[in-house]
Amino acid sequence: MKRVAASAAALALIAATTWLVWPSGAEVRGQDQTITVVDGPADDQRVELDTTFFPPPGGGKAPAVLLGHGFGGSKRSVEDEAIRIAQDGYAVLTWSARGFGRSTGEIALNSPDYEVKDVKQLIDWLAKRPEVLLDASDDPRVGIAGGSYGGAIALMTAAHDRRVDAIVPRITWSDLADALFPNTAVPLSAAGDAGQSSAAGSLPEAENGVFKRMWAGIFFGQGVSLDSLALRGRPETARPLTPEQARCGRFRPEICAVYEEVAKTGRPTPEAVDLLRESSPITVAAQIKAPTLLIQGQRDSLFPLSHADANARAIAAGGTPVSLAWFDGGHDGGDGEADWVFEQSSAWFARYLKGEGDGKTAPPVSAFTVTRDGGRDPGTRQRVRLHPETGSYPGLGGTATSTVELAGPAQNIANPPGGAPASISSVPGVGGLLGGQNSPGVAIDMPGQSAAFESRPLTAPLQLTGSSTATIRVSGQGGTEATLFAKLYDVADSIQPPTLPAGLVAPIRVAIPEGATSAEATITLPAVDHAFAAGHRLRLVLTTTDMGFATPAEPATYQVSLVSSTLTVPTVGTLAAASGGVAWWVWAMPLAAVVVAAALLVTGRARDRRRPGARTGAAALPEPADGRTPVLTVNGAAAEAPAPDPAVPLEISGLAKAYSNGELAVDNLSFRVEQGQVLGLLGPNGAGKTTTMRMMMGLIQPDGGEIRIFGERVTPGAPVLSRLGSFVEGPGFLPHLSGRDNIELYWAATGRPVADAHFDEALEIAGLGKALQRAVRTYSQGMRQRLAIAQAMLGLPDLLVLDEPTNGLDPPQIREMREVLKRYARDGRTVIVSSHLLAEVEQTCSHVVVMHRGKLVSAGPVSLLLSSAPRSAGAGNGHGTRLEDVFLDLIGDNA
Amino acid sequence: MTAAPGYAPRRTLPLRVEIVRQFKRRRTIVMFGLLLALPWILVIAFQFGPQGGDRDQSLRISDLATESGLNFAAFALSVSASFLLVVAVALFCGDTVASEASWSSLRYLLAAPVPRDRLLRQKLIVALGYSAAAVICLPVMALLAGTLAFGWNDIQVPGTGETIPALDVLPRFGIVIAYALVSQLVVAALAFLVSTMTDSPLGAVGGAVGLWIVCTILQAVEALGVLREFLPTFWNNAWLDALAPELEWSGMIKGASVSITYAAILIAVAFRRFRRKDVVS
């Protein structure tokens, strides 16, 4: 127990020390700075930017990271992330973009004339800081990271400023016009009147796009911050709003005017598209030379995965390293994977800013990584995410395509007047709050507004990675435009509602030419990564409404059908989980444990063998005075250990055993018992009789000396013990078994032949009669005692050791037992009896050994002991010398 | 003649003898009776509950229990694996040596002599056998009771509510039981080690169950992070993955790895300690 306590204390100490010594991040202190910049098309507008500079905690010069905030946020909303990056060994500068937080100026949507110029001057400022590592004079080693609005500024600045060395834009846009006015339909040809087919199709997509009304309202209204961090804290504003600000928020007037126009009509104007394209990285992405890690959210109906795709392809076209990750996050919620995203950006900056791993050709983050659901953690039952990756980015078309046959008749659907009630796919801005982070996208389609085309149950699982395509025909009145929303559902069975992966829809606008009755178009469904299980169906649904978009108020009916029944599904077979297979410890640990276990067992055995051998020298065995009288001499008379004699039933030499407190229970005990003797082992309580007997049975190991039975040294389980019958310290039976079962099973446990047991003789001694069939727990003390002695006599062992055999027996039984023992020894066997009934010993035993406090006091034939006793002991009582008197005299208690 | 005629160490304490010695114990019989009766008690409990009606969207394992015999068996296993089976296994393995010590019969077995390693080996095999029988008999009886009470239908997966054909899932059920056996190995080894260290059978059982409870509590401390994966209880419910639509091995492999690791070391320590121990009971 002490050892257990000690190891527990040691473990606690280690744990506490680890806790204290565990490296905690160095403290990072931000320095608030107001940096004045000059921007505008004519470089004449002074803007004061509210910034915080976080010097590298380690001191010295370090690369710098500019960290931009999301729309509606401020430098405060990225403070935690800034500190984390700084602790990673960078100088970090956060700033509130113009029009946000305490910075002055108006929002220009990351325009090259405004925000981009601001950030270039922030880079100038960084170049003057002593903490920042320089590539050249006025050219700091700098990266830019940020999400959404802050991600777009990273791309825009990198395109306009060659000093930027690496960027990690997250969940941001490539084309703001396309983000707000998406249209994923490409007309095939106009059916009916072929001559007038091309007019509508030649329009740029955005200029004919469907207005993403709710997102745009949130974006421009500033009512809801897109920045989840800003939602928690109080938004920072510089001062109360002016009437102009109340109307336009803090937007630049031209942006405000354009928004008011499009929001009213729900149709893009060319001015609006031009203005939004100004602020779109796609127009300048080819100029980006800074290695770019694009992290885009799979749950993002504002800037869906196709935006990252467009950026990645445009940047890669310029020969710049680009990696792309689709993570579980985005403007619609998801987990966010903050730690994983941080690790990826950290790896990206470590390579391209710190120069770690220079010379490696592979980028620090694989070209394409996708976060997938890895089921539940078996321990916590929490969702786990896998991150399969591939070395080349396949685009939204995948590395291969599967085709799924869809079926369904032509269906009539109606656009309700006023566009209400509208189908629901995702609710912008609050999608993550309402739906919960892990709920599958459940969408509602209004009846009468949707046409569905369904596949047969899949025969094999299908992993869709990218954008599926289909071709549809829309019939209706000539000269009208059909506004539809395409969704691809995963249908498990008829019971569960179908799931809409990531809650994404593809808005499409198909123009039916004047004079024609129908138009055909190829539709590109939202880019998703989704696993369709075997047995599930794919269902393509086209609806006329969607809550997130502006739809025509004019009622209309269309007939929708498939041109081709084929749905083309892109797959990326090369995506493989990064770790691959099971962790090394899964195999190594059990193997190591088996090795350790084997070592534990082998070393234990080896020590066992060595230990008693080393002690044999301590044995001091007195030679018998002559061959016939095995008189035992006491203590200490050193003599050589004689050759073991297989005829000697018991030979104890130099035996010692200490209690755990060091006190000796048996102290250098030596004696010898010859064949045919009935030896009485005498001694007061605590003399060490029982301990000696236990050592004879191999139950406890001597600390010194040895015991030999028939010449064999006694060790735990030594085979020679099979010649020893023992009854020590009370009976030991299984209380639930009958006496006979106990005896028979005990014999069976010795593994010896039943014929050798001599059950009848033994049981006769027990004398239990019918009680033998009863459970032992019903026995009296005396019955158990007799049964135990019978058990000891099973197989008629050559040496019988009995501890207090007459305890609990009545006088007739005692007398009988005396005869049994004498008879037993007469047959050439040997009996050792310990007893405190001295009269018993006197009548039963031929020899006696007297012990006191672990030491041998006297040994010899009873008769000799009695005759050699001093006359003083018990003299004068008229009965001659009694053993009792001798005994008391020997142990010195004869007061 | 060093040993008595007919004595051979490798013939001592045959498994048959040890099985009989343990089987007639009231403790064994009560535990098996409980494990066999529990599914029927659960069936009755479900019969008393409000019937069917408006089942809401929740797809918890307990809500699905009455869907089919297989669902019911999975439910019975899920409610018993975390504690009842642990107690059962701890009982069979923790009691085996400690009870002999408390009856004083251990010293007579050792003096018979049954070599110590052999005594432990035979007792461990029999205790593991009883434990395995306990772990197997509960889900099998639950399957029987559930099928009689709720019919032989396809299994509905908790969480997602997907259905898997009953015949497909039957071999998976075998995996579940096999994994439950392996994951209880660590309880068995722990109880067995404590059993060789104490004379009190209930102390051995309680010690093993107590350590198990401590591990379960530690497992809830998320701050321990990845260290929790190495707690013996962490992967206890990994068998649920075998009933998912996609059979997922990784959790069960890790769980088996952790369990075998602990079990090997604990059992080795038990043998090593017992070999050198002074038997004073």
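In this predicted model, a good place to start is a single pair of residues: Asp278(B) and Lys657(A) join their side chains in a salt bridge, with 2.5 Å from N to O. The interface of chain B and chain A has two salt bridges by the rule used. Polar contacts add to the picture, with 22 residue pairs found across this interface, both partners at pLDDT 80 or more.

Which helices of chain B each supply at least two residues of the side that touches chain A? They are helix 1 (15-23), helix 4 (84-103), helix 5, helix 6 (116-150) and helix 9 (250-276). Helix 9 of chain B gives the largest share, 16 residues.

Here is that side of chain B, sorted by class:

| Class | Side of chain B that touches chain A |
|---|---|
| Nonpolar | 33 residues |
| Polar | 13 residues |
| Charged | 20 residues |

In all, 66 residues of chain B are in contact with 68 residues of chain A. Between the two chains an area of about 5800 Å² is buried, and carbon and sulfur atoms give 59% of that area.

Now for the empty spaces inside. The count is 12 cavities of 30 Å³ or more, and the largest cavity has a volume of about 140 Å³. Its lining has 16 residues, and Leu724(A), Gly725(A), Tyr746(A), Gln791(A) and Ala792(A) are the closest to the centre. Both chains take part in this lining: strand 34 (724-727), helix 17 (739-750) and helix 19 (781-793) of chain A, together with helix 5 (105-111) of chain B, give two or more residues to it. By class, the lining of the largest cavity holds 10 nonpolar residues, five polar and one charged.

Key: Residues are numbered from 1 along each chain as its sequence is written. Chains are lettered from A and ligands numbered from 1 in the order in which they are written. This is a predicted model: local features need pLDDT of at least 70, side-chain atom pairs count only at pLDDT 80 or more; totals for chains, interfaces and linings use all residues. Side-chain values use heavy atoms; hydrogens and water are left out. On a 1 Å grid over the protein atoms alone, a cavity is a set of points where a 1.4 Å probe fits but cannot get out, and a pocket is an open set with protein on both sides within 12 Å along at least five of seven lines; lining residues have an atom within 4 Å of a point. Grid points are joined across faces, edges and corners, and a volume is the space filled by probe spheres set on the points. Helices (H or I, at least four residues) and strands (E, at least two) are DSSP runs, numbered from the N terminus. Ala, Val, Leu, Ile, Met, Phe, Trp, Tyr, Cys and Pro count as nonpolar, Asp, Glu, Lys and Arg as charged, and the others, Gly among them, as polar. Contact means heavy atoms within 4.5 Å. Buried area is the accessible area (1.4 Å probe) that two parts lose on being put together, summed over both. A salt bridge is a side-chain nitrogen of Lys or Arg within 4 Å of a carboxyl oxygen of Asp or Glu. A polar contact is a pair of N or O atoms within 3.5 Å; within protein, one must be able to donate a hydrogen and the other to accept it, and residues adjacent in sequence count only if both atoms are side-chain atoms.
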